[in-house]
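Q: Please take a close look at the largest pocket of this model. A connected account that also sets the pocket in the context of the chain would be welcome.

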Amino acid sequence: MNPLLWIALVIAGIVLALWFPGWRLKRALAKPLPAEGLAVLERNIPVYQRMPVPLQQQLQRLVVQFLYQKKFVGCGGLEVTDEMRYTIAGQACLLLLNRQTQVYPQLATILVYPTEFLVTRNEVGPGGVVTPAANGLLGESWGDGRVVLSWDHVQRGAADWTDGHNVVLHEFAHQLDSESGAPNGAPYLPNVSSYRSWATVLSRDFANLRHDAIYQQQSVMDHYGATNPAEFFAVATETFFEKPYQMAEHHEELYAEFLKYYKVDPREWMSPPSEPEHMASPFPNYAPHW
């Protein structure tokens with residue numbers, strides 16, 4: 001074969017390989033969210049119907065892309081349904097509104113269990129003795145492109161959008177956090193000055209939450225956020241989307257940082273709480289991220 005023809009074929013193959021995935025994605029995004037999917041968003045994301053139409057349309061497009069690119073796997077005998085796919089995708093994509101994003105580029109697979117699932121890890125005891133221990137978890141974000149969720153707790157998060165507990169928001173906040181290299185409470189930010197402000201505010205409020213957890217003081221944010229900076233970011237994300245008025249009142253600067261990061265204000269989709277609440281809450285069974 002003529003060497004020039006061979007080179008031309010190789011170049012054409014490379015161009016086609018680079019072009020074809022983008023073309024397929026554009027074709028997928030050209031299709032609107034089916035009526036069934038729209039009904040699930042309206043049913044399982046309580047704030048959806050109070051969002052302005054442009055945000056609703058954004059969310060629909062993000063869900064279409066999410067479902068096109070990600071694989072769902074049922075575990076523990078669970079058969080994944082469209083209801084599950086649309087619910088998880090819709091809640092996860094709330095974190096991406098108004099932001100330039102590739103839609104969780106490091107994520108490939110969502111594993112869904114029917115209920116709390118067991119994870120065995122080695123625990124180091126006195127004298128350095130290592131003992132395997134099984135822990136029941138509601139969700140976990142892994143660094144190998146997987147998120148694990150308990151479906152019944154996804155449903156609980158959909159049923160109550162005001163308690164500050166949402167396993168989907170929590171685990172997908174970890175995914176955003178990991179995009180910067182490691183889950184350490186510092187996701188990608190636009191510039192150095194943003195990191196300085198972020199670090200100052202979040203480190204202070206993290207220290208305050210640790211104090212509240214140690215002394216069992218009330219807090220708007222769940223004490224589980226005191227585990228480490230990565231968990232603080234995830235718990236603060238849950239609070240931002242589900243308790244925005246309380247977070248803005250008690251953590252004004254932290255709320256301002258999250259407004260800049262998430263580029264939405266959930267207060268616009270929710271009514272102010274009608275009466276005071278007890279702010280302390282039990283530790284949920286999320287997986288620690290060190």
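A: Helices and strands are taken here as DSSP runs, of at least four residues for a helix and at least two for a strand, and they are numbered from the N terminus. The model is a predicted one. By that definition the chain holds 10 helices and six strands. Of its 290 residues, 48% count as buried. Among contacts with a separation of 6 or more, 67% join residues 24 or more positions apart. The accessible surface of the chain is about 14800 Å², and carbon and sulfur atoms contribute 57% of that area.

The largest pocket has a volume of about 240 Å³. Its lining consists of R99, Q100, Y188, L189, P190, S194, W198, E257, K260, Y261 and K263. Two elements, α7 (192-214) and α10 (252-262), each give two or more residues to this lining. The largest share, three residues, comes from α10.

Helix α7 deserves a closer description. With 23 residues, α7 reaches 33 Å from its first C-alpha to its last, close to the 33 Å expected at 1.5 Å a residue. Its buried residues are S194, W198, V201, L202, D205, F206, L209, D212 and A213. Two of these names, S194 and W198, also appear in the pocket lining. The buried residues of α7 pack against α8 (229-242) and against α10. Helix α10 thus enters the picture twice: as a packing partner of α7, and as the source of the largest share of the pocket lining. After α7 comes Q216, which has a positive phi near 55°.

Positive phi values also occur in the loop between α4 and β2. Most residues other than glycine have a negative phi. N98, although not a glycine, has a positive phi of about 60°, and its place is in the loop between α4 (82-93) and β2 (109-113). Y104, likewise not a glycine, shows a positive phi of about 50° and lies in the loop between α4 and β2. The two residues have these accessibilities: N98, at 38% relative accessibility, counts as partly exposed, whereas Y104, at 0%, counts as buried.

Two further helices complete the setting. Helix α6 (residues 167-178) has 12 residues and spans 17 Å between its first and last C-alpha atoms, close to the 16 Å expected at 1.5 Å a residue. Because 12 of the 12 residues of α6 are buried, this helix is largely enclosed by the rest of the structure. Among the buried residues are the polar or charged H170, E171, H174, Q175, D177 and S178. At the start of α6, a side-chain oxygen of N166 comes to within 3.1 Å of the backbone nitrogen of V168.

In helix α3 (residues 53-69), the residue to note is Q60. Setting aside residues up to four places away in sequence, Q60 touches L33, L38, L41 and Y48. The C-alpha atom of Q60 is separated by 8.7 Å from that of G37, a residue 23 positions away along the chain.

Technical notes
Residues are numbered from 1 along each chain as its sequence is written. This is a predicted model: local features need pLDDT of at least 70, side-chain atom pairs count only at pLDDT 80 or more; totals for chains, interfaces and linings use all residues. Side-chain values use heavy atoms; hydrogens and water are left out. Buried means under 20% relative accessible area, exposed over 50%, partly exposed in between (1.4 Å probe, protein chains only). Contact means heavy atoms within 4.5 Å. Accessible areas come from the Shrake-Rupley method with a 1.4 Å probe; for residues, only the protein chains shown count as cover. The expected span of a helix is 1.5 Å times one less than its number of residues. A polar contact is a pair of N or O atoms within 3.5 Å; within protein, one must be able to donate a hydrogen and the other to accept it, and residues adjacent in sequence count only if both atoms are side-chain atoms. On a 1 Å grid over the protein atoms alone, a cavity is a set of points where a 1.4 Å probe fits but cannot get out, and a pocket is an open set with protein on both sides within 12 Å along at least five of seven lines; lining residues have an atom within 4 Å of a point. Grid points are joined across faces, edges and corners, and a volume is the space filled by probe spheres set on the points.
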